[in-house]
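Subject: Structure for you to look at

Hello,

I am handing over the structure we talked about, and below it I have written out what turned up when its charged side chains were examined. Please keep it open while you read, so that you can find each pair for yourself.

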Amino acid sequence: MSAITAGAVIAAGEGSRLKELGVAKPMIEVGGVPLIAHVLGNFKAAGIVSAAVIFNESERHCEAFVRERFGKLVSRIVVKTTRSSLESFREILEVAPPGRLLVSTVDAYCPPKEFVRFVRRAEELPAHSTVLAVTGYVHDEKPLWVTTARDGRVTVVGGASGDAVTAGIYVFPEKVRRLGIPHTLGRLREFLAWLAKSDEPIEAVDIPKVVDVDRAEDLAVAEEMARS
């Protein structure tokens, strides 16, 4: 078993659909806890000892919050406005700690117990495989579908349907971290689809319910999960 101790959080999105709340997306609270604190709390619970975070330039106050609350866990913070999730991913790969890398988007609201279970299962899988958290809970306008074989191996990423959808939580091996990302790709989902088409080994681990907090209705669902 290969322990996963390095992590990265992608928190550079604009969160335009929740701007009416008047709060930067990483600081939007679910159950009284800011999203960024929820994700980093999950990291700590899962045994991550060093993490990197990327915020956009309008979220500089988030950097101060993270340094104060998670200074021992977060070793690098990048503040840069990027054009896409894939550009944010590139930036975070450059500064993230070495080793198998646990990556989460800031808006992937996942119960701590299920998050830890995902990481433990990922550690049991081959160290050269990319691992995707997937869920049968589909509440997204443009979900990224994943098709899997019976053994959990991912055969297709993308398309109009599949067995489950990605949950915004991933584990990337060193090999994939060293791959050159084609400049023709514009989004992280396109990179994942490219990995699958390139026959890179990808495994899926199911999490019953993860909420992509992107809209007011998503926030309401996440609040209900927090209460339960």
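A search through the whole of this predicted model finds 12 salt bridges. As general background, side chains of opposite charge can pair when their charged atoms come close.

One of the pairs is Glu87 with Arg83, whose closest N and O atoms are 3.0 Å apart. The two partners differ in their surroundings, since Glu87 is buried, with a relative accessible area of 15%, whereas Arg83 counts as exposed at 79% relative accessibility. Glu87 is called buried because its 15% falls under the 20% cut-off for that word.

Another salt bridge joins Arg117 to Glu114, and here too the closest N and O atoms lie 3.0 Å apart. Both residues belong to helix H4, which covers residues 112–124, and because they are 3 residues apart in that helix, about one helical turn separates them. Arg117 is partly exposed, with a relative accessible area of 38%, and Glu114 is also partly exposed, with a value of 22%.

A further pair is formed by Asp218 and Arg215, with 3.1 Å between the closest N and O atoms, and in this case Asp218 and Arg215 are both buried. Finally, Lys25, Asp107 and Asp214 are joined into one network by salt bridges that share partners.

Best wishes

Notes. Residues are numbered from 1 along each chain as its sequence is written. This is a predicted model: local features need pLDDT of at least 70, side-chain atom pairs count only at pLDDT 80 or more; totals for chains, interfaces and linings use all residues. Side-chain values use heavy atoms; hydrogens and water are left out. A salt bridge is a side-chain nitrogen of Lys or Arg within 4 Å of a carboxyl oxygen of Asp or Glu. Buried means under 20% relative accessible area, exposed over 50%, partly exposed in between (1.4 Å probe, protein chains only). Helices (H or I, at least four residues) and strands (E, at least two) are DSSP runs, numbered from the N terminus.
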